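Biologist: Hey, got a minute to go through this model with me? I'd like to ask a few quick things while we look at it.
Modeller: Sure, pull it up.

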Amino acid sequence: MRFTPFLIILSLALPAQAGASSSDAERAHLARLAAELAALAPLIDEAEHHANPDARIRFQYDWLRQDLERVQQGIREHLQAPRAEPRQVPPLRGDYRR
């Protein structure tokens, strides 16, 4: 049973590593999502260019742009927010025999 403290420490450290990896993956996906939203701008411009100016009911492209910008801004603010600093953990003794 000499390896028990090591196993306990290892079991506590693994979820922290998985959490960091998950957080990095989330940030990567959010960055990709923001880029995809930005890529919609030329498509919106093209659709607006082909819109019928005499249509009785017109699509509000400027409202769409504003909403997409608001979503992109929210993603950017989340990505630019400082990550929480890791807390200081006092060193473990490791030897429990006296």
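Biologist: Is glutamine 72 buried or exposed?
Modeller: Glutamine 72 is buried, because its relative accessible area is 11% and the cut-off for buried is under 20%. Keep in mind that this is a predicted model.

Biologist: Where does glutamine 72 lie?
Modeller: In helix α2.

Biologist: And what is glutamine 72 in contact with, leaving aside its neighbours within four places in sequence?
Modeller: Ala34, Leu37 and Ala38.

Biologist: Which residues in α2 are buried?
Modeller: Tyr61, Leu68, Gln72, Ile75 and Leu79 are the buried ones there. They sit on the same side of α2, because the arc they cover around the axis is only 60 degrees.

Biologist: Why would residues three or four places apart point the same way?
Modeller: An α-helix has 3.6 residues a turn, so that spacing brings them round to the same direction.

Biologist: What's exposed on the other side of α2?
Modeller: Trp63 and Arg70 are exposed over there.

Biologist: How far does α2 reach from its first C-alpha to its last?
Modeller: 28 Å, for 20 residues. That is close to the 28 Å expected at 1.5 Å a residue.

Biologist: Zooming out, what does the secondary structure of the protein chain come to?
Modeller: Two helices and zero strands. Of the 98 residues in the protein chain, 9% are buried.

Biologist: How much area does the protein chain expose?
Modeller: About 9100 Å², and carbon and sulfur atoms supply 59% of that.

Biologist: OK, the core. Which residues make up the largest nonpolar core?
Modeller: There are seven: Ala34, Leu37, Ile44, Tyr61, Leu68, Ile75 and Leu79. Both α1 (4-49) and α2 (61-80) supply at least two residues of this core.

Biologist: Which helix gives the largest share of this core?
Modeller: α2 does, with four residues.

Biologist: What does tyrosine 61 touch, not counting residues up to four places away in sequence?
Modeller: Ile44, Ala47, Glu48 and Ala51.

Biologist: Let's look at leucine 30. Where is leucine 30 found?
Modeller: Leucine 30 is in helix α1. It counts as partly exposed, with 21% relative accessibility.

Biologist: What is leucine 30 in contact with, again leaving aside neighbours within four places in sequence?
Modeller: Ile75, His78 and Leu79. Leucine 30 and leucine 79 are 49 residues apart in sequence, but their C-alphas are 7.8 Å apart in space.

Biologist: And for the protein chain as a whole, how many of the contacts with a separation of 6 or more come from residues 24 or more positions apart?
Modeller: 68% of them.

Biologist: Switching to charges: how many salt bridges does a search of the whole structure find?
Modeller: Four. One of them pairs arginine 65 with aspartate 45, with the closest N and O atoms 2.8 Å apart. Arginine 65 lies in helix α2 and aspartate 45 in helix α1, so the salt bridge ties together parts that are 20 residues apart in sequence.

Biologist: How exposed is arginine 65? And aspartate 45?
Modeller: Arginine 65 is partly exposed, at 29% relative accessible area. Aspartate 45 is partly exposed too, at 41%.

Biologist: What about arginine 70, which residue does it form a salt bridge with?
Modeller: Aspartate 67, and the closest N and O atoms are 3.6 Å apart. The two are three residues apart in helix α2, which means about one helical turn separates them. Arginine 70 is exposed, with a relative accessible area of 59%, while aspartate 67 counts as partly exposed at 43%.

Biologist: Which side chain meets arginine 76 in a salt bridge?
Modeller: That of glutamate 69, at 2.7 Å from N to O. Arginine 76 is partly exposed, with a relative accessible area of 30%, and glutamate 69 is partly exposed as well, at 36%.

Biologist: Last one: which residues do salt bridges that share partners join into one network?
Modeller: Asp45, Glu48 and Arg65. Glu48 came up earlier too, as one of the residues that tyrosine 61 touches.

Note on methods: Residues numbered from 1 in each chain as written. Predicted model: local features only at pLDDT ≥ 70, side-chain atom pairs only at ≥ 80, totals over all residues. Heavy atoms only, no water. Core = buried A, V, L, I, M, F, W, Y, C linked by side-chain atoms within 4.5 Å. Buried < 20%, exposed > 50% of the residue type's maximum accessible area, 1.4 Å probe, protein only. Contact = heavy atoms within 4.5 Å. Areas by Shrake-Rupley, 256 points an atom, 1.4 Å probe, with all protein chains shown as cover. Expected span 1.5 Å × (residues − 1). Arc of directions from axis to C-beta.
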